[in-house]
Amino acid sequence: MQAGSSQGARGEVSAGETGKLKVDNAARIAPDAQGGVDVSVVIPCLNEENSVGICVSKAMDAFRLAGLRGEVVVADNGSTDGSVEIAEKLGARVVRVEARGYGSALRAGIAAARGAFIVMGDADDSYDFSEVPRFVDKWRQGNDVVMGNRFRGEIKPGAMPWHHKYLGNPALSSVLNLFFHAGIGDSHCGMRGFTRAVYERMDLRSTGMEFASEFVIKAAQLGAKMAEIPVTLWPDKRGRPPHLRSFRDGWRHLRFMLLYAPNWLFVLPGAAFVLLGLFLVFWLLPGPRTITSRITLDVHTMIFGVIFTLLGAQILSIGAFAKVFSYAERFDRSGTVSLKRVLKRVTLESGLLLGGVLFFAGLAGCAWVTWQWVASGFGPLAQIRQVLFWAMWLFLGLQTIFASFFLSMLGISRGTYIGDYDLK
């Protein structure tokens with residue numbers, strides 16, 4: 001599956017079309033106060049001497065034709081060929097980035113850029129940087145983020161492997177939209193534009209290919225106004241194997257999205273286990289259930305119900321820990337509530353009260369069953385169902401008590417509202 005942004009999109013815009021975006025519109029852009037730059041093009045680079053010059057030249061020509069005050073920033077990630085010299089000769093400003101990784105290079109390049117609007121794209125000429133004015137035009141219309149969409153545009157023969165085109169990219173985009181409601185058709189397209197203001201609010205931390213996913217996730221969580229434009233993906237001109245590793249980087253994207261979506265990773269599976277477990281326990285508490293003439297569910301199935309319930313409660317506890325951690329580390333900046341409203345009303349005392357009620361109810365039930373067993377002279381224990389039922393509540397109570405203490409510890413060590421702390 002394709003997960004990274006090294007396979008980009010280069011849209012076809014003729015010189016005449018580019019010329020339509022000239023000075024009258026450019027005058028409406030507020031220049032950066034320090035550098036007098038409207039637009040910065042940031043290009044991460046690692047041994048791209050065959051193509052980086054083409055990309056820089058196209059961006060420079062696009063600035064000139066559209067009347068934009070622009071700059072090209074090449075974030076070099078340790079090139080050992082002539083990439084740096086070529087870029088500098090053509091007028092780009094080269095930023096040398098020691099920390100390795102696609103995300104590291106982009107973050108350093110964006111930090112060095114001076115424009116109020118930034119367009120990023122790869123150095124392999126799979127993007128056509130003469131499309132920069134199209135991204136700028138969408139910015140002028142009030143958008144904070146402008147994403148390229150290769151699937152609404154065109155993918156040239158040989159530009160993208162079939163498993164990236166039909167499996168990887170569509171699947172990862174679908175998962176991202178399901179988890180974060182981004183509404184983006186090509187969430188891993190590497191050519192995208194964004195305002196410096198919204199980027200600084202994102203607080204991006206990824207150092208690798210996950211940068212592409214984190215960017216869209218954070219934009220969606222912030223409620224940034226996003227638009228897409230069709231772009232064309234061209235076969236790259238790097239003249240070497242790509243840095244992207246399909247399955248490794250695809251898994252890294254999926255893993256990253258799961259870690260940023262504790263509701264999907266923990267809360268929903270945990271709730272499903274609890275509901276299934278409780279259903280089995282209460283359904284089988286009165287006695288065996290006959291499904292067919294050959295299938296009867298009895299106490300053994302009820303044991304699985306108890307196990308499912310306890311497992312689900314444990315997963316839900318981990319989900320609550322993950323949510324608190326997400327808020328504390330500012331991973332989750334969305335306005336959606338989910339557990340947020342619940343956690344804002346949870347105190348250590350209320351958790352201990354709930355856990356204590358469940359624990360003592362279970363303890364009382366177990367004591368009652370034990371008393372009956374003692375009264376029968378320690379004969380065969382006939383109340384197996386009752387033992388399972390009351391022991392389940394006893395264990396759930398203990399889980400709740402210890403989970404409440406841990407949630408409160410998270411609140412003490414971080415700026416979250418667990419106990420008496422404010423959740424920002």
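# A guided tour, starting at helix α9

Begin by selecting α9: 12 of the 12 residues of this helix are buried (under 20% relative accessible area, where exposed is over 50% and partly exposed is in between, with a 1.4 Å probe and protein chains only), so α9 is largely enclosed by the rest of the structure. Before going on, note that this is a predicted model, in which local features need pLDDT of at least 70, side-chain atom pairs count only at pLDDT 80 or more, and totals for chains, interfaces and linings use all residues. Residues are numbered from 1 along each chain as its sequence is written, and side-chain values use heavy atoms, with hydrogens and water left out.

**Stop 1: along α9**

Helices (H or I, at least four residues) and strands (E, at least two) are DSSP runs, numbered from the N terminus. Colour residues 211-222 to see α9. Its buried residues include F211, F215 and L222, as well as E214 and K218. The end C-alpha atoms of α9 are 16 Å apart, which agrees with the 16 Å that its 12 residues should span at 1.5 Å a residue; the expected span is 1.5 Å times one less than the number of residues. After α9 comes G223, with a positive phi near 75°.

**Stop 2: rings**

Keep F211 and F215 selected and add Y102, F194 and Y199: ring pairs link these residues into a cluster. Rings of Phe, Tyr and Trp (its six-membered ring) pair if their centres lie within 6.5 Å; planes under 30 degrees apart count as stacked, over 60 as edge-to-face and the rest as tilted. How many aromatic pairs does a search of the whole structure find? There are 18. One of them joins W373 and F378, an edge-to-face pair with 5.1 Å centre to centre and 85° between the planes. W373 is partly exposed at 30% relative accessibility, whereas F378 counts as exposed at 52%.

Now select W234 and K156. K156 lies over the face of W234, at 4.9 Å from the ring centre; a charge counts as over a ring if NZ of Lys or CZ of Arg is within 6 Å of the ring centre and within 35 degrees of the ring normal.

**Stop 3: two loop residues**

Most residues other than glycine have a negative phi. Which way does the phi of D203 go, positive or negative? D203 has a positive phi, near 55°. Find D203 in the loop between α8 (196-202) and α9, where it is partly exposed at 29% relative accessible area. Next, select N47, whose phi is also positive, near 55°. N47 sits in the loop between β1 (39-45) and α3 (52-66) and is partly exposed, at 22%.

**Stop 4: α3 and N77**

Follow the chain into α3, whose 15 residues reach 21 Å from first C-alpha to last, close to the 21 Å expected. Buried residues of α3 include V52, C55, V56 and F63. G67 follows α3, with a positive phi near 70°. Then select N77, in the loop between β2 (70-76) and α4 (83-89). N77 is buried, at 6% relative accessibility. Its C-alpha atom is 6.0 Å from that of C45, although N77 and C45 are 32 residues apart along the chain.

**Last stop: a surface patch**

Finish with L167, found in helix α7 (residues 162-180). L167 is partly exposed, with a relative accessible area of 49%. Add W162 and Y166, which join L167 in making a nonpolar surface patch of about 410 Å². Patches are made of residues with over 30% relative accessible area and no salt bridge, with like charges joined within 9 Å and nonpolar side chains (Val, Leu, Ile, Met, Phe, Trp, Tyr) within 5 Å. A salt bridge is a side-chain nitrogen of Lys or Arg within 4 Å of a carboxyl oxygen of Asp or Glu. Areas come from the Shrake-Rupley method with a 1.4 Å probe; for residues, only the protein chains shown count as cover.
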